[in-house]
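Please open the model in your viewer and keep the selection panel at hand, since this tour moves from one selection to the next.

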Amino acid sequence: MRVLFVCLGNICRSPTAEGVLRHKLREAGLSEQVEVASAGTGDWHVGNPPDKRSQSAAKRRGYDLSAQRAQQVSRADFAAYDLILAMDNSNLRNLKALQPATGKAELDLFLRRYAGEVDEVPDPYYDGEHGFEHVLDLIERASDLLVIELKGRL
Ligand code: 4NP
């Protein structure tokens, strides 16, 4: 099973989701069965590590994002991944425009499937520290539910 998280720049939200889900999969003993990656719809930050503010906020909760490097999502990803999860509606629209007619990937908003009351992870790029903590709160909760779903699908 392969899961791809997608945001705009692949330096804040989707790298955070990648790091959190990977950590939770390890705790659940599912690291071998589920592969996690992230990408951005834009290419501005390709090759760069996650934003320092995302790295620091994640590190305080025990997630190490430092080895990640930004990449841009491609049409081939729709054949390579089983589940592609967008952080906001704009990301989802851009992914739908890129999605080939064939391809196995299921495409959805991360929070619509796994959290409930809010369906977008807000872009923290122009926010203060609180924005990065809020991103982590939403992602941690949704990832717990995603791990349960993945367990059922393996
Ligand atoms: P992300 O945040 O989509 O969560 O990685 C952003 C990062 C960079 C930019 C926008 C959003 N930017 O405009 O450069």
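How many Å separate an oxygen atom of the ligand from a polar backbone atom of I11? Select the ligand together with I11, bearing in mind that this is a predicted model, and you will find that the polar backbone atom of I11 is 3.0 Å from the ligand oxygen. Add L8 to the selection, where a backbone N or O atom lies 2.9 Å from an oxygen atom of the ligand, and then C12, which likewise has a backbone N or O atom 2.9 Å from a ligand oxygen. Taken alone, the ligand exposes 360 Å², and the protein buries 91% of that area.

Next, widen the selection to the residues around the ligand, which are C7, L8, G9, N10, I11, C12, R13, H45, D123, Y125 and Y126. If you colour this shell by residue class, it divides into 6 nonpolar, 3 polar and 2 charged residues.

Now hide the ligand and look at the space that it takes, which is the largest pocket. This pocket has a volume of about 160 Å³, and among the 13 residues that line it, those closest to its centre are L8, G9, H45, D123 and Y125. By class, the lining of the largest pocket comprises 8 nonpolar, 3 polar and 2 charged residues.

The last stop is a cavity. A search of the whole structure finds 1 cavity of 30 Å³ or more, and the volume of the largest cavity is about 40 Å³. To display its lining, select C12, T16, R53, S54, A57, A58, P124, F132, V135 and L136; C12, which lines this cavity, is also one of the residues around the ligand. Colouring by secondary structure helps here, as the elements that give two or more residues to the lining are α2 (52-60) and α6 (129-153).

Which element gives the largest share of the lining of the largest cavity? Select α2, and you will have the element that contributes this share, with 4 residues. Colouring the cavity lining by class, finally, gives 7 nonpolar, 2 polar and 1 charged residues.

Technical notes. Residues numbered from 1 in each chain as written. Predicted model: local features only at pLDDT ≥ 70, side-chain atom pairs only at ≥ 80, totals over all residues. Heavy atoms only, no water. Near = heavy atom within 4 Å. Polar contact = N/O pair within 3.5 Å; in protein donor to acceptor, adjacent residues only side chain to side chain. Areas by Shrake-Rupley, 256 points an atom, 1.4 Å probe, with all protein chains shown as cover. 1 Å grid on protein atoms, 1.4 Å probe; cavity = no way out; pocket = protein on both sides within 12 Å on 5 of 7 lines; lining within 4 Å. Sits in = over half its atoms within 2 Å of the grid points. Nonpolar A, V, L, I, M, F, W, Y, C, P; charged D, E, K, R; others polar. Points joined across faces, edges and corners; volume = space filled by probe spheres on them.
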